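Morning, everyone. I'd like to walk you through one model today. Have a look at the fold first, then I'll go through it piece by piece.

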Amino acid sequence: MNKSPFSIQFLGAAKTVTGSKFFLRLGSLGLLVDCGIFQGYREIKKRNEDPLGILVSDIDYVLLTHGHLDHAGYLPKLVKDGFKGKILGTAPTLDLAEIILMDSGKIQEEEALRSNRFHPDGEQEEALYNVDDARHAIQQFSSIEEGEWVKISPDVSIRLQYIGHILGATSIEIDFQGKRMVFSGDIGRENDILLHPFKKPEKADILLLESTYGNRKHPQESGKEALKHVVLENTKKQGTLILPCFAVERAQTLMFLLWQLMKEKQIPPIKMILDSPMAANVLDLFKNHPKWHEIAQKDLQDMISHFTIIKKFKESLHMVESDEPKIILAGSGMLSGGRVLRYLQKYIGDPDATVGITGFQAIGTKGRRLVEGAQTLRIYGRDYPVKAKIVNFEMFSAHADQDDIMDWISEIKIQPAFTFLIHGEEESMLGFQAFLKEKKNWESHIPEHHEIVDLS
Ligand SMILES: [Zn+2]
């Protein structure tokens, strides 16, 4: 008997949190769910250079859960390698992905240039992709409505469902041969500051569940209170408060809370700076997609007016040198690059300064080292003593914790035939696997990189 193929292959985010890519063979249709880049450790990043593991020509569509780099950042490479099909996602996801991919193209070019300068006689490295490749990928974007079933082939329908996490993010449901596949994407928080609550799947025969915080519960403490406390303490010292943050969402969340605190006179007036052109562009998306978040348009305008927004690099250097007390929001969130490094060069050795870490810090990043109590920090090849106060605002995660994940799957009454745990470090996945077994008596599988599972 000739069975029509029905399988999944894990091309990323298997026992790691980055590189999300899942290839589905659904009869004659090839679908890639997410197309993320690997980030973090050198060995992990090297996977971006490896062969994909499938033929690009076998992919008919790419579906995006959201615009983050670890879910969309490989698209320009895929297009460079010959992918000609449509890239589907919600309108805000595609707008965000455009900002992120253009920035990533520039970073890839710069990294290759820098590495070639270090090894002028060695083999010259080619950038994974460049700005032109990013531009080509963007031309293949095609948006679909959230919450509506869309038929993409005679026997495959898909639906994108609001998941919180970041602007535009969704889970993805796929119906094929009477089976429902549910890809969680990155699950948001139950009570997000800027976003609406997530929609829960009502059933799943095949479930892919992110488990970044699968073995943890976020602190109950309010982010606003914690931030207020740190700002007040820092004001007493007349110091500089540096909040390294992801340009997408975290920067806007922090802006919103700081603005609220100031408006409610819970903190004194202090100079507040957003030094991130990308975060400034993302603010525009909040203006353009009002249905996707909870900030009223007039509040958004007022919030923005309370910040000095720096776009030019020269102005950024100038601000680094300014000695007045201030609060700086700058990327990157894990201190792996970006403008925040210049501020750290100047302030990490200053006991009157405070650095507030505001999100998940992957193994191998400078942010992780700071959170783990490093005494020195290497920036641009030089070691700096860590004298500034380091605060870890764990409550600001954009990812569901154990309870949020359980809540998200609470309406699935029948155990899926397959539950795959993805997008987590191994320890957290094992923790969640045991938890899921204990609470719901569900079996789950933690796939290996490149593993193929027959779903028929
Ligand atoms: Zn994400």
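One definition before we start: helices and strands here are DSSP runs, a helix being H or I over at least four residues and a strand E over at least two, numbered from the N terminus. With that, take histidine 165. Histidine 165 sits in the loop between β8, residues 156-162, and β9, residues 170-176. Histidine 165 is not a glycine, yet its phi is positive, about 70°. Keep in mind that this is a predicted model.

Now the sheet around that loop. β8 and β9 belong to an open sheet of 6 strands. The order is β7-β8-β9-β10-β11-β20, and the pairing is mixed. Which strands are at the edges? They are β7, 150-153, and β20, 418-422, each paired on one side only. On average, neighbouring strands of this sheet are turned by 20° against each other, ignoring direction. Look inside the sheet at β10, residues 179-183, and β11, residues 206-210. These two run parallel and are joined by 3 bridges. Methionine 181 stands opposite isoleucine 206 of β11.

Next, the domains. The domain assignment gives two of them. Domain 1 is 6-216 plus 398-454, and domain 2 is 223-396. How far apart are the centres of domain 1 and domain 2? Over C-alpha atoms, 28 Å. As for contacts, 21 residues of domain 1 meet 22 residues of domain 2. On the domain 1 side, those touching residues split into 12 nonpolar, 7 polar and 2 charged.

One helix pair to look at here is α4, residues 91-118, with α8, residues 277-288. They pack at about 165°, with axes 10 Å apart. That angle is over 145°, so α4 counts as roughly antiparallel to α8. The crossing of α4 and α8 is right-handed. Who makes the contact between α4 and α8? From α4, it is Pro92, Asp95, Leu96, Ile99 and Asp103. From α8, it is Met278, Asn281, Val282 and Leu285. By class, this α4–α8 contact has 6 nonpolar, 1 polar and 2 charged residues.

On to another sheet. This one is also open, with 6 strands in the order β14-β13-β15-β12-β16-β19. The pairing here is parallel. Its edge strands are β14, 308-309, and β19, 389-392, and each pairs on one side only. At the β14 end, β13, residues 271-275, pairs with β14 in the parallel sense over 2 bridges. Isoleucine 273 has threonine 308 of β14 as its bridge partner.

Helix α11 lies across two strands of this sheet, β12 at 240-244 and β15 at 326-330. The helix runs at about 145° to β12. Now follow the loop between β15 and α11, where serine 332 lies. Is the peptide bond from glycine 331 to serine 332 cis or trans? It is cis, with omega near 5°.

Last stop: α11, residues 340-347, also packs with α10, residues 313-321. The angle is about 20°, and the axes are 9 Å apart. Under 35° counts as roughly parallel, so that is what α10 and α11 are. Their crossing is right-handed. Ser316, Leu317 and Val320 of α10 touch Arg342, Tyr343 and Lys346 of α11. By class, the α10–α11 contact has 3 nonpolar, 1 polar and 2 charged residues.

That's the tour. Over to you.

Technical notes: Residues are numbered from 1 along each chain as its sequence is written. This is a predicted model: local features need pLDDT of at least 70, side-chain atom pairs count only at pLDDT 80 or more; totals for chains, interfaces and linings use all residues. Domain bounds come from an automatic or database domain assignment. Two residues are in contact if their C-beta atoms, placed from the backbone, lie within 7 Å. Ala, Val, Leu, Ile, Met, Phe, Trp, Tyr, Cys and Pro count as nonpolar, Asp, Glu, Lys and Arg as charged, and the others, Gly among them, as polar. Axes are lines fitted to C-alpha atoms, for helices over the stretch in contact, and angles run from 0 to 180 degrees between N-to-C directions. Angles under 35 degrees count as roughly parallel, over 145 as roughly antiparallel, 65 to 115 as roughly perpendicular and the rest as oblique. A crossing is left-handed if the near helix is turned anticlockwise from the far one by less than a right angle, and right-handed if clockwise. Two strands pair if DSSP finds at least two bridges between them.
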